[in-house]
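Let's look at this protein chain together and ask how each label is earned. Have the structure open beside you as we go.

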Amino acid sequence: MPVTPAALAHAEDLADFVAASPSSYHAAAKVARRLESAGFTRLREEDAWTAPAGGRYVVVRDGAAIAWTVPADATATTPVQIFGAHTDSPGFKLKPQPTTGSRGWLQAAVEVYGGPLLNSWLDRELRLAGRLALADGRVVLADTGPLLRLPQLAIHLDRGVNNGLALDKQVETQPVWGLGDASEADILAELAASADVAAADIRGYDVVIADSARGAVFGKDDAFFASGRLDDLASVHAGVVALATHEPRASGPIAVLAAFDHEELGSESRSGAAGPFLEDVLERLYAGLGADASERRRGYASSWCLSSDVGHSVHPNYAAKHDPVVQPVLGSGPILKINANQRYATDAVGTASWLSWCERAGVTAQEFVSNNSVPCGSTIGPITATRLGIRTVDVGIPILSMHSARELAGVSDLHDLTRTAQAFFAG
């Protein structure tokens, strides 16, 4: 499918979005800022909410953000259309007592976060990013920019490396960030300086490592887009763009974007999909419309959730790892994700609805199903369906290099997912 100027502009906007979102905390803050600039009102959970019909709102909990638009004629039983995604990505997280070193090198002590492709993090310029909790009670975001690197051992010292590389997660994944004596250095001071605070004021931190390279369009006819954290900032960005441009019909559904944290760990946290964040927000939203518990459940009965996360494109070098018939490929449209064992929440009714939203958006869709011999991953879809009882469909875009430090998507697919999200929000 030819890449349109609109799709190219969308990819460049995504590159900006990813660059501003090196951690889940930065991503949630970016979602809020983007929507506030589009006229949304920022709410705080600790405040009483005045969020009447006809308004647009966003709230952040840690590394998660939920935003919604309420039609002017919304009632106690108006359904919601939820576009769900996640803000975290596999990688590394800074440990306690993080400043280490050996033989004149300064190193950072990190712990593996989720299931990254470890080798993909080698020989890249990396940044530290996350949140700092300070002695005065403030929480600030920090981002060092390019600071670290995981240098690979030269082939001269490991002649069998091309026969298989296996990294020791403790010994061989500790990045270097300078030269000197570790007893006289402090990597937290680098983070503090990036946030314009004193290192001595840091009382706690949630800090990850992210690739510092900007996303890039390339390939024949500009078909490809490579970037870190496409899993799942590609979906978060699609939802943000769709919601920011959504103009609700007076009697239409309530459009909701739910960008959760900790999906790569199983979603079991206060800001994850298995936690109470979405349910808390929906209860308060419906209470503002005068709904009791029964009326809210009636609204849920007519509601939908699109759980959007990346899926596997067929790989030309490893075709046997994919289903022999169902083989989605980059550039041919977003994917509908199906699994007989409910690792994805898609069913027949959801399939029909997804296809109708795609048709309305003028988008061609593909299907994804795993090879029976290859274990299938899961998403926030089954979790959200289980917690709320809302009809849920699992979708996304096909990519290669999933869980790499730098993943590969199709430029047209990114734009098509956003167009479909816009049709979905319209009901």
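Q: What makes up the secondary structure of the chain in this predicted model?
A: The chain of this predicted model has 9 helices and 20 strands.

Q: How do you know that the chain agrees with a compact globule?
A: A compact globule with 427 residues would have a radius of gyration near 22 Å, and the chain has 22 Å, so the two agree. Along the principal axes, the C-alpha atoms fill a box of roughly 65 × 55 × 40 Å.

Q: What share of the residues counts as buried, and what share of the contacts joins residues 24 or more positions apart?
A: Buried residues make up 53% of the 427. Among contacts with a separation of 6 or more, 76% are between residues 24 or more positions apart.

Q: Why is Thr69 called buried?
A: Buried means under 20% relative accessible area. Thr69 has 1%, so Thr69 is buried. You can find Thr69 in strand β3, residues 64-69.

Q: Which residues does Thr69 touch, leaving aside neighbours within four places in sequence?
A: Its contacts include Phe40, Arg56, Leu243, His246 and Pro248. The C-alpha atoms of Thr69 and Leu257 are 9.3 Å apart in space, while the two residues are 188 apart in sequence.

Q: Is Trp49 buried or exposed, and how do you know?
A: Trp49 has 18% relative accessibility, and the cut-off for buried is under 20%, so Trp49 counts as buried. Trp49 sits in the loop between β1 (41-43) and β2 (56-61).

Q: What makes the link between Trp49 and Arg44 a polar contact?
A: A polar contact needs a pair of N or O atoms within 3.5 Å. The side chain of Trp49 reaches the backbone oxygen of Arg44 at 2.8 Å, so the distance is within the cut-off. Arg44 is also among the residues in contact with Trp49, as are Trp68 and Val281. Another is Arg284, which is 235 residues from Trp49 along the chain, with 7.9 Å between their C-alpha atoms.

Q: Why is Asp211 called buried?
A: Its relative accessible area is 11%, and buried means under 20%, so the label fits Asp211. Asp211 belongs to strand β10, residues 202-211. The side chain of Asp211 reaches the backbone nitrogen of Ala213 at 3.3 Å. Beyond its neighbours within four places in sequence, Asp211 has contacts that include Trp121, Arg124, Glu125 and Arg406.

Q: Which residues of helix α8 are buried, and what do they pack against?
A: In α8, residues 380-388, the buried ones are Ile380, Gly381, Pro382, Thr384 and Leu388. The elements they pack against include β4 (80-86), α5 (277-288) and β18 (391-396).

Q: What is found at the start of α8, and what follows α8?
A: At the start, a side-chain oxygen of Thr379 comes to within 2.9 Å of the backbone nitrogen of Gly381. After the helix comes Gly389, with a positive phi near 75°.

Q: How do you know that Leu414 is buried?
A: Leu414 has a relative accessible area of 2%, which is under the 20% cut-off, so Leu414 is buried. Leu414 lies in helix α9, residues 411-425, and touches residues including His10, Leu14 and Phe225.

Q: Why is Gln97 called exposed?
A: Exposed means over 50% relative accessible area. Gln97 has 73%, so Gln97 is exposed. Gln97 is part of strand β5, residues 91-102.

Q: What makes the backbone notable at Gln97, at Arg229 and from Asp231 to Asp232?
A: Most residues other than glycine have a negative phi, and most peptide bonds are trans. Gln97 is not a glycine, yet its phi is positive, about 50°. Arg229 also has a positive phi, near 60°. The peptide bond from Asp231 to Asp232 is cis, with omega near 10°. Asp232 is in helix α4, residues 230-244.

Q: Is Arg229 buried or exposed?
A: Its relative accessible area is 13%, under the 20% cut-off, so Arg229 is buried. Arg229 is found in the loop between β12 (224-227) and α4.

Notes: Residues are numbered from 1 along each chain as its sequence is written. This is a predicted model: local features need pLDDT of at least 70, side-chain atom pairs count only at pLDDT 80 or more; totals for chains, interfaces and linings use all residues. Side-chain values use heavy atoms; hydrogens and water are left out. Helices (H or I, at least four residues) and strands (E, at least two) are DSSP runs, numbered from the N terminus. The radius of gyration is taken over C-alpha atoms; the globule rule is 2.2 Å times the number of residues to the power 0.38. Buried means under 20% relative accessible area, exposed over 50%, partly exposed in between (1.4 Å probe, protein chains only). Contact means heavy atoms within 4.5 Å. A polar contact is a pair of N or O atoms within 3.5 Å; within protein, one must be able to donate a hydrogen and the other to accept it, and residues adjacent in sequence count only if both atoms are side-chain atoms.
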